[in-house]
Amino acid sequence: MKSHYRAVVIGGGVVGASVLYHLAKLGWSDVALIERKELTAGSTWHAAAGFHAINADPNIAALQAYTIRLYKEIERESGQAVGLHMTGGVNMAGTPERWEWLKAAWALFQTMGMTEARLLSPAEIKAICPIADVTGIVGGLYDPNEGHLDAYGATHAYAKAAQKRGAEVILRNRVLELRPAAEGWQVVTEQGTITAEHVVNAGGLWAKQVGLMAGVDLPVTPMEHHYLVTEAIPEVAALPGELPLTVDLEGFTYLRQEGKGVLLGVYELTPKHWNVEGAPWDYGMDLIPEDIDRIAPELAKGFERFPCLQRAGIKRWVNGAFTFTPDGNPLVGPVPGLRNYWAACGVMAGFSQGGGVGRSLAEWMIEGEPGADIYGMDVARYGGFAANRPYLKAMTGQFYKRRFVLTYPNEQLPAGRPLRTAPTHPEMTAAGAQWGALWGLEVPLYFAPGQPDFAETPTLRRSNAHDLVAAECRAARQDVALLDTTAFARYRVTGAGAAKWLDRTLACRLPGPGQVRLAPMLSPKGRLMGDLTLLNWGGGEWWIMGSYYLRQWHLRWFRESLPADVAVEDISDAVTGFSISGPKARDLLAAVTEDAVGREAFRFMQCRDLDVGLSRARVARLSVSGELGYEINVPAAEQRALYRLLLDAGRDFGLRQIGFNALNALRLEKSFGVWSREFTRAYTAAESGFDRFVAFDKGPFVGREPALREREAGPRQRLVTLEIQASDADASGFEPVWLEGRRVGFVTSGGYGHCLGKSLALAYVEPALAKAGQALQVHVVGEPRAATVIEPSPHDPAGSRMRS
């Protein structure tokens, strides 16, 4: 063990070994892995070690596919066998609704390039898994790139391959303490103190404690998970080949072959947490006593689905601990507020995701940013609230027990709610607001006035809320609509160097005092980092407005380049308000202020301080709906007064409260993109069309050179608007776009344009196809539908209503 390393990885499970390997592979050989006991001593050694590429987030699915492809490579490179069994895998649907969901999932597989996946009939499932009783099964989704391996072999293959590239593996040496230092970190271990420029928390079951050593409470906790392994089963021993990994989604069980028997695992509906504060330090190659009574209902389903289990002897039970995060995805990346402290933990599916986690983190540490959009794994997707123990237990418990439960895109789950609410939450609830949750905040999705018992039916198709949202859209187009804007992030930027910092950080030209600009923000490689709005209030005060759920993510980015003479303050909890939009919005605003707000007095993309009722409000004239609109910002303590004022005055103008479902439909009619859909770190300004707001000639800014090169060469894809010939369902996101049987793009978001009477979608397609009139095809809920590229902004193409 040396006294100094460029990076130290804490934790010797499959994830830590993968991080070490990828750091060495990308050129950092002066790196070490420190493990308190032996490699795999934690969750890794007892894992069922299955792997699959499917994930609700296609970007994570792509990294899982990379992980699977990597196993043969590290086996060759290390000389260590990984025990790879590429058996394929099938997910079985036991209801028509689940079958519809699997057909939609097959379409998403095509978008991800997993073209070998196919849908199976019950008879075809029986043919590849003869021990399954397919009674009640409607169909299945088969992916040949699934299987299982040897957990010990795979972990040691990563480690040996890393060692061949110069990395060190230090065993039986527990990390005791972490101390910030000028060089990075002082890593205090049982064998002495190491100076490391970078520290990676790959602590697995001990990630919570390794985080607390650095002063951060990570939202990760261990939970129990059972599987059993049988003695040899004659029906299995007689098979000519190996059984596929088989998941009975309605039975909450998964099965794979183990020797001449099988391994059966369960995701029970009564999960149990284990050592929420992290595993004991002396825990290692240990198991938790099995709790068969608790998992008996799911076991019974498994024994019914695979009848040969009823006659099989059980060789061993495994009840081991795995770490979970609130959404089940890993925590990866630089931890906000800590210099050179990186997370690679909470990886529940280590043998599906470990390779992708290792590669992404190594790219980030060495090259400055990951090679793919991994926001779904980014540690900064959470705020501090997520580590609250009751919240963490509620959310992880919900995820675990719903692992195989069908969750619909319009379904709102109850765990960890309500946490944050707008001041007017009680009043909006009384008015019929139906709530969703965003980064811990309750946000109004739509209103069901006069229907206190209304409940939306979970579905992949248009729901019973369709007409309610339609009425809200019509109000915004015909009269005036009121939207709670608590779910807008707001940052105040001040200081002598504010303008200079903003000019370099943002790709737009800075607005003058009293002006507003749409502000793309790019990474050094020219990829999108934000679709922001910049407001210049004058007097050296600026606001940046963005997505509420990106608050931690954007603050981390801002602070990485913040000079001493600039202050960025997150005022999102202190300031809230409402937007009003529609042809009568100006009349409503004029009714509640004595200030001049006529067309010439208050023009489009301007911002001003106004006296609105009793509030000194900060008002910007802009609109996401594509109508004449104003965003009225007030201190949070004054939102209720503003709410009553606007409702009272709005009666004369047909004011209607609306939610974000209506806003989504309205923005689709304007071809307006939003973050996480049309705009993500995976796309560029030119691809998304956001380059029209980039001031290439203003001088240096982050991402300018790659953006210029792309402008000259042309983007690899372009964002277009599609009209889809759909009947009772709409595209939602990541569905494949086809031309004569060839995949040429994918949908980013979709929905029904209530005021146009059309099913609409935004999609990335090959540049040659980005022309109005181009005929294409899109899968909607797994069924092919005709689609046509149309001109952008089908509602009010000239934008005259916003500027009126």
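The following questions and answers introduce selected features of this predicted model.

This is a predicted model in which local features need pLDDT of at least 70 and side-chain atom pairs count only at pLDDT 80 or more, while totals for chains, interfaces and linings use all residues. Residues are numbered from 1 along each chain as its sequence is written, and side-chain values use heavy atoms, with hydrogens and water left out.

Q: In what order do the eight strands of the open sheet lie?
A: Helices (H or I, at least four residues) and strands (E, at least two) are DSSP runs numbered from the N terminus, and two strands pair if DSSP finds at least two bridges between them. The pairing in this sheet is mixed, and its edge strands, β5 (118–120) and β16 (314–324), each pair on one side only. The order is β5-β6-β4-β13-β14-β15-β12-β16.

Q: Which residue of β15 is the bridge partner of Leu228?
A: Strand β12 (residues 221–230) and strand β15 (residues 261–266) run antiparallel and are joined by three bridges. In β15, the partner of Leu228 is Leu264.

Q: What angle does the direction of helix α10 make with that of β12?
A: Axes are lines fitted to C-alpha atoms, for helices over the stretch in contact, and angles run from 0 to 180 degrees between N-to-C directions; contact means heavy atoms within 4.5 Å. Helix α10 (residues 389–401) packs on the sheet and touches β12, β15 and β16. Its direction makes an angle with that of β12 of about 25 degrees.

Q: Why does Glu268 count as buried?
A: Glu268 is placed in the loop between β15 and α8. Leaving aside neighbours within four places in sequence, Glu268 is in contact with Glu224, Arg294, Ile295, Glu298, Tyr400 and Lys401. Buried means under 20% relative accessible area, exposed over 50%, and partly exposed in between (1.4 Å probe, protein chains only). Glu268 counts as buried because its relative accessibility is 0%.

Q: How many of the residues of helix α17 are buried?
A: Helix α17 (residues 660–669) is mostly covered. Its buried residues, among them Leu663, Arg667 and Glu669, pack against β20 (441–447), α12 (466–478), β21 (480–484), β34 (742–753) and β35 (758–765). Of the 10 residues in α17, the number buried is seven.

Q: Which element gives the most residues to the lining of the second largest pocket?
A: On a 1 Å grid over the protein atoms alone, a pocket is an open set of points where a 1.4 Å probe fits, with protein on both sides within 12 Å along at least five of seven lines, and lining residues have an atom within 4 Å of a point. The second largest pocket is lined by 17 residues, of which Pro334, Leu338, Arg339, Arg556 and Glu560 lie nearest its centre. The elements that give two or more residues to this lining are α9 (350–367) and α14 (551–560). With five residues, the element that gives the most is α14.

Q: Which residue takes a positive phi in the hairpin of β36 and β37?
A: β36 (residues 775–780) is joined to β33 (residues 736–739) by two bridges, and Val737 stands opposite Val778. β36 also pairs with strand β37 (residues 783–790) in the antiparallel sense over six bridges, where Gln777 stands opposite Ala786. The hairpin has two residues between the strands, and the residue with a positive phi, near 50 degrees, is Val781.
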